[in-house]
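Please open the model in your viewer and set it to a plain cartoon, so that each stop of this tour can be selected in turn.

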Amino acid sequence: MKILEASKIYKSYGNKFNKQEVLKGVDLSIHQGEFISIMGPSGSGKTTLLNVLSSIDKLSNGSILINGQEMTKLKEKQLAEFRKAHLGFIFQEYNLLDTLTVKENILLPLTLSKTSRTVANHKFKEVAEELGIFELQDKYPNELSGGQKQRTSAARAFIHEPSIIFADEPTGALDSKSASDLLNKLSQLNQKRQATILMVTHDPVAASYCSRVIFIKDGLIFTQLNKGNETRQAFFKDIMRTQGVLGGIQHDQ
Amino acid sequence: MTSKQLLFRNLRKNLKNYSLYVFALIFSSALYFSFVTLQYDPSMDAAEGSIKGAAAIRTASILLIAIVAIFLLYANNLFIKRRSKEIGLLQLVGMNKGMIFRLLSAENFMLYFGSLLIGIFIGFSFSKLIILLLFKITGVESIATLRFSTEALLQTLIVFCMIYLLIMLINHLFIKRHTILALFRVTSSTEEQIKKVTFLEMMMGIIGLFLIVLGYYISSKLFGGDFTTITELFLAMVIILGSVIIGTYLFYKGSIRFIFHLIRKRKNGYLKVNEVVSLSSVMFRMKSNALLLTIITTVSALAIGLLSLSYISYYSAEKTAKDYVAADFSFTDEDQASTFTETLNENGIEFEERSTEVIQVEVDLSHISDGDIEGDLVEGTVLPVVSDTAIEHIDLSSGEVILSGYNDLLQNFIRLKDTGALELNNQKFTYLGLEDEFIVSGYFTSGGLPVAIVDEEVFTKFVTEANPDIQKPSNTFYGIDITNKNQLKEANHFFNEIMATSNGPHESQLNLSNNQKTNMGFMMFIVAFLGLTFLVTSGCILYFKQTGESEEEKPNYTVLRKLGFTQNDLLKGVQQKQLFNFGIPLLLGLFHSYFAVKSGWFLFGSELWTPMIVVMLLYTVLYSIFGLLSVNYYRKVIRDAL
């Protein structure tokens, strides 16, 4: 089942006289339960793509269907409503509210959807235990380590079982141990809950945890790699090779 | 870009950011200038009246300066911290500290003196309005002229220049002291670490609440007869003041966090949409502003309290005058009374005249006095006595006595029982109770003691036995009431004309009430002036704090909007948050002033509720404006957050 289908998306910044085209017609479709990462050099439009797909930024042209619903036609208020029900976010900078405890942070999406308190508590326990942060529930974010913060952020993204989770460089600020911990948890949740995850990263190791890697360059899809039945190590090598090619071409220009 | 261009670019950008600062600067300089203009205005002599007006105005202008100076320094401090990154950046690109300081000074100079000039101009244009207002309040009839006073201008300029230099000095120290790295961190270092509520904070919270309640409790007992000597009274006041102020501080430091912590604990992590923005943020931010909030609360309580009291006094001027002068005009000398009545007759003013004989008799109040006040007050008291024939609706038998017209103020010190025995001239009488009517003027009642009414027979007996040592020079009260109250002013005019030259206790109710209105009106005017300045400056400070806070919280709003909070959800939360941020200091200030006024209002007048509520409402409305402005600012921040 297709969760997300984007066709011919264009995005440009600036005005008529000074236009900067960032996305130049990207086509993309994502199926339920996929764990996809988007890779590409700096300035290739990864984050813009993520923002556009997650309705945080407006498209210049093209269409995005999520769960069969056309996103580009929605008004600001409906978009907020949509994000609330169908999307989850994990950011590089964790983006936890520092005045709320771990539990309060994680429960935010459920608060918004007015889920009943008992259900909320139940869901919290489930997801927090899976991510190993249940004991931290009464702590404030600045009492946590980076990895713990990012797992909290992940729990917040998973708790309301969104159709798709967007992750922007989730391992960017973590040391390698915490990063692999987090990625293991993410792929576990991906399998267990059939959660769809779209992750932007420039770390090949992080990308190797995914089932599919999309390379973009200068606002266009350059190539895609499918993990298939390969081991993670083999897949990692593939990614490295592709990245080398990608970088090589860039050097020539 | 030359430094001049940089300067103007900065100025243009900052003018938008600091619009309220500029407004406050204009406002305070306008107020100060018009105030000083008043001080130097010759027509003020009329309004100053009997009290030391010039001294009062001078004191007030010093206080005004203190408020304005503290405000400007504080605001400048907030702003320079907010710009620390910019200063660091300029240093990073190679400007030295001296250059930056000069740049800042020049920028400030234009902002500051530009506003000052506008302020002076506005102050000048409004000074006539203000003086008209003053004349209206005090009831002085004089012509207000608009006169530009160079002394006032000079004084204003000097004072504000000094404040400017002070600000520059502080900026200089700030730039000199901070390294580039520190400058980049200044804003974040003021933020305190968010931690769990500690036991110490809980204790502080509980003690704070306890101290405030204790202060309120003692204040309600202050004049209830528990504190009889001056030392005790003074000590009680010091305790009230201390416990309330310390309590307020601890309240901000601990109680708020403690209470909110309890609320959140009960929610068990499940916060409602608007609580996410309001509850948690207020809980942590209020503590770091504890000192500032305590000062704001205390001074606004002071301002509200003083304003209420002076308004109470102003408001009840007529009633107080009625208590003291028992007719429109009162005399103690027959000749004077008849001269006056003749003039009234000549001018066709109708009146009613009554004369009452009053003698002074020794009284023992100990059987009917409530409470345990001892000493001369009760045993050796001398009360004026009149016969029951002087009062129409009262007829007593020989063993009975009624007291009438007991001053509210004295009633608070010596309370009387409703029934009991009373000894007049060492004879026992049955006491039947206290009437409200004031029968004779203050001259006979020593300013507020009740009059004893006895049977005609007893009265004649007293007259013969009267002790000459305690009698007043006059034994007859002459009261003249003008039938048509429209002619009262005219009659009063004649009274003032005739009596200007003759001595002796003779009083006009209208004069007395006008006098009090003039004095209290003047007081009220000055207090209102100061209160308004304080209100505007403290409102501005809270507003600045909020604008800073909103910028700090902007990333949070971004996250929340990404999660699917609508702008409306966030705005609702912000409104609730501002209700706390502005409402808590306001409410606490109102409570403080309520208890302060409640404990001693009877010293000032006879009507508590109307004047106090008017003052409080006015204050609340003006104060809310700043809350609304800050919500508006947040609206913009939230809109731009995504």
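Begin by selecting chain A and switching on its surface: the accessible surface of this chain comes to about 11200 Å², and 47% of that area belongs to carbon and sulfur atoms. As you look around, please keep in mind that this is a predicted model.

Now hide the surface and return to the cartoon of chain A, where 8 helices and 10 strands can be picked out. The radius of gyration of chain A is 18 Å, close to the 18 Å that the globule rule gives for 253 residues, so the chain is as compact as a globular protein of that length. If you turn chain A along its principal axes, its C-alpha atoms fill a box of roughly 55 × 45 × 35 Å. Colouring by burial would show that, of the 253 residues in this chain, 55% count as buried. Among the contacts in chain A with a separation of 6 or more, 70% are accounted for by residues 24 or more positions apart.

Staying in chain A, select residues 176-192, which form helix α6, and find A:Asn184 within that helix. Is A:Asn184 buried or exposed? With a relative accessible area of 37%, A:Asn184 is partly exposed, because that class lies between the cut-offs of under 20% for buried and over 50% for exposed. From there, select A:Ala206 as well: these two residues are 22 residues apart in sequence, while their C-alpha atoms are 9.7 Å apart in space.

Next, move to chain B, whose secondary structure comes to 22 helices and 12 strands. Viewed along its principal axes, the C-alpha trace of chain B spans about 100 × 60 × 40 Å. Chain B has 642 residues, of which buried residues make up 52%, and its contacts with a separation of 6 or more come, to the extent of 85%, from residues 24 or more positions apart. With the surface shown, chain B exposes about 30100 Å², and carbon and sulfur atoms supply 62% of that area.

Within chain B, which strands form the closed barrel? Select β3, β5, β10, β6, β9 and β8, and follow them in that order, since the closed barrel of 6 strands runs β3-β5-β10-β6-β9-β8, with mixed pairing. Neighbouring strands of this sheet are turned by 45° against each other on average, when direction is ignored.

For the last stop, select residues 400-404 of chain B, strand β6, together with residues 451-454, strand β10; the two run antiparallel and are joined by 4 bridges. Within this pair, B:Val401 stands opposite B:Val454 in β10 of chain B.

Terms used. Residues numbered from 1 in each chain as written. Chains lettered and ligands numbered in written order. Predicted model: local features only at pLDDT ≥ 70, side-chain atom pairs only at ≥ 80, totals over all residues. Heavy atoms only, no water. Pairing = 2+ DSSP bridges. Axes fitted to C-alpha atoms, helices over the stretch in contact; angles between N-to-C directions. Buried < 20%, exposed > 50% of the residue type's maximum accessible area, 1.4 Å probe, protein only. Rg over C-alpha atoms; globule rule 2.2 N^0.38 Å. Contact = heavy atoms within 4.5 Å. Areas by Shrake-Rupley, 256 points an atom, 1.4 Å probe, with all protein chains shown as cover.
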